[in-house]
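Reader: I would like a close look at one part of this structure, taken slowly and with its surroundings. Here is the model I have in mind.

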Amino acid sequence: FPYQWHLANSGRDALTSTRPVAGIDLNLDGLHAAGVRGTGVRVAVVDSGLDIRHEDLQANVVAGASLNFQNNSSDPTPSESDPDHGTAVAGIVAARGWNSLGGRGVAPGARLQGFNYIKAQNGTNMVLALGMSPQAAAAHVFNLSYGSETLDAGPISLDEIEAFDQFLASSRGNLGGIYV
C-alpha cells in the first residue's frame with residue numbers, strides 16, 4: 001500500500017524516477033477509514049479476462065458470475081500465454097486490502113466479475129458482457145479499459161445507437177449501469 005501513490009500520495013518514493021507530489025491522489029484514506037470500501041457493489045471487468053484464483057482477488061470474486069467467451073465457462077482466467085491486463089485492472093479496482101498480501105484496491109470490498117471479451121469480440125458478446133447476460137445483469141459498474149485492442153465495428157446507425165443507449169439505461173434495474 002505505501003507504494004500505491006494513486007490511493008494515498010505522501011510524496012514518498014513510489015519506485016519511479018520522479019517522486020510523486022504529496023496529496024495528488026484519489027483521496028481515499030478518509031473513505032476507507034470510515035468503512036466506505038465498495039461493499040455491496042459489483043464490478044464487471046470487461047477485458048482480457050480475470051484470474052479468479054489470484055490471491056488478492058479471489059475473496060472478492062462472485063462465484064459463477066463471470067463469463068469466458070472463448071470456452072463458454074464461468075472461469076475467465078486467461079491462459080498462461082495470454083496477456084493479463086484484466087487481472088491487473090481488477091486489482092486496481094478491488095484488491096482485497098488489509099490481508100498482508102500486498103496492495104489494496106480503490107474499492108477493496110467490491111465484488112468482482114470477469115468477462116474475457118478482448119479475444120472474442122463481436123456484437124453478441126459485447127451486449128452479453130455489458131449487462132444482457134444473466135451473469136452481467138447484476139453488475140453495477142462495468143470497467144472497459146481495454147484501450148486500442150478493440151476491433152473497429154464499422155459505422156453504426158442512429159437507430160443502433162439509440163437502441164444501445166436504451167439497453168444501457170435499462171441495466172441495474174432501470175437505473176442504468178455505470179460504464180467506465
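Are Phe 69 and Phe 115 buried or exposed? Please start from there, and then describe the aromatic pairs and the elements around them.

Author: The model is a predicted one, and what follows should be read with that in mind. Phe 69 is buried, and Phe 115 is buried as well.

A search of the whole structure finds 3 aromatic pairs, and Phe 69 with Phe 115 is one of them, a tilted pair whose centres are 6.5 Å apart and whose planes stand at 35 degrees to each other. The term tilted rests on a cut-off, because planes under 30 degrees apart would count as stacked and planes over 60 degrees apart as edge-to-face. Phe 69 belongs to the loop between β1 and α2, while Phe 115 belongs to strand β2, so the pair ties together parts of the chain that lie 46 residues apart in sequence.

Phe 142 and Tyr 179 make a pair of another description: their ring centres are 4.6 Å apart and their planes meet at 10 degrees, so this pair is stacked. Here too distant parts of the chain are linked, with Phe 142 in strand β3 and Tyr 179 in strand β4, which covers residues 178-179, and the two positions 37 residues apart in sequence. The partners can also be described by their cover: Phe 142 has a relative accessibility of 0% and therefore counts as buried, whereas Tyr 179, with a relative accessible area of 25%, is partly exposed.

Strands β2 and β3, which carry Phe 115 and Phe 142, also take part in the packing of helix α2. This helix spans residues 85-94 and is mostly covered, with 7 of its 10 residues buried. Those buried residues are Gly 86, Thr 87, Val 89, Ala 90, Gly 91, Val 93 and Ala 94, and they pack against β1 (42-47), β2 (111-116) and β3.

The loop between β1 and α2, in which Phe 69 lies, also holds a salt bridge. The structure has 1 salt bridge, in which the side chains of Asp 75 and Arg 53 meet at 2.8 Å, N to O. Both Asp 75 and Arg 53 are in the loop between β1 and α2, so the pair ties together parts that are 22 residues apart in sequence. Asp 75 itself is partly exposed, at a relative accessible area of 22%.

After helix α2 the chain enters the loop between α2 and β2, where Ser 100 is found. Ser 100 has a positive phi of about 60 degrees, although it is not a glycine, and with a relative accessible area of 79% it is exposed. Asn 27, in the segment before α1, is another residue other than glycine with a positive phi, near 55 degrees, and at 60% relative accessibility Asn 27 counts as exposed.

A further aromatic ring, that of Trp 98, has a charged neighbour: Arg 37 lies over the face of Trp 98, at 4.1 Å from the ring centre. Both Arg 37 and Trp 98 are touched by His 32, whose contacts beyond four places in sequence also include Arg 104, Gly 105, Val 106 and Pro 108. His 32 lies in helix α1, residues 29-33, and is buried, with a relative accessible area of 4%.

Val 106 leads from this group to Leu 26, because Leu 26 touches Val 106 as well as His 6 and Leu 7, where contact means heavy atoms within 4.5 Å. Leu 26 is in the segment before α1 and counts as partly exposed at 47% relative accessibility. Its C-alpha is 6.9 Å from that of Ala 8, although Leu 26 and Ala 8 are 18 residues apart in sequence.

On the surface, finally, Ile 156, Leu 158 and Ile 161 form a nonpolar patch, with about 290 Å² of accessible area together. Ile 156 sits in the loop between β3 (141-143) and α4 (158-174), and its relative accessible area of 51% makes it exposed. To return to the opening question, Phe 69 and Phe 115 are both buried, while Ile 156 is exposed.

Terms used. Residues are numbered from 1 along each chain as its sequence is written. This is a predicted model: local features need pLDDT of at least 70, side-chain atom pairs count only at pLDDT 80 or more; totals for chains, interfaces and linings use all residues. Side-chain values use heavy atoms; hydrogens and water are left out. Patches are made of residues with over 30% relative accessible area and no salt bridge: like charges are joined within 9 Å, nonpolar side chains (Val, Leu, Ile, Met, Phe, Trp, Tyr) within 5 Å. Accessible areas come from the Shrake-Rupley method with a 1.4 Å probe; for residues, only the protein chains shown count as cover. A salt bridge is a side-chain nitrogen of Lys or Arg within 4 Å of a carboxyl oxygen of Asp or Glu. Helices (H or I, at least four residues) and strands (E, at least two) are DSSP runs, numbered from the N terminus. Buried means under 20% relative accessible area, exposed over 50%, partly exposed in between (1.4 Å probe, protein chains only). Rings of Phe, Tyr and Trp (its six-membered ring) pair if their centres lie within 6.5 Å; planes under 30 degrees apart count as stacked, over 60 as edge-to-face and the rest as tilted. A charge sits over a ring if NZ of Lys or CZ of Arg is within 6 Å of the ring centre and within 35 degrees of the ring normal.
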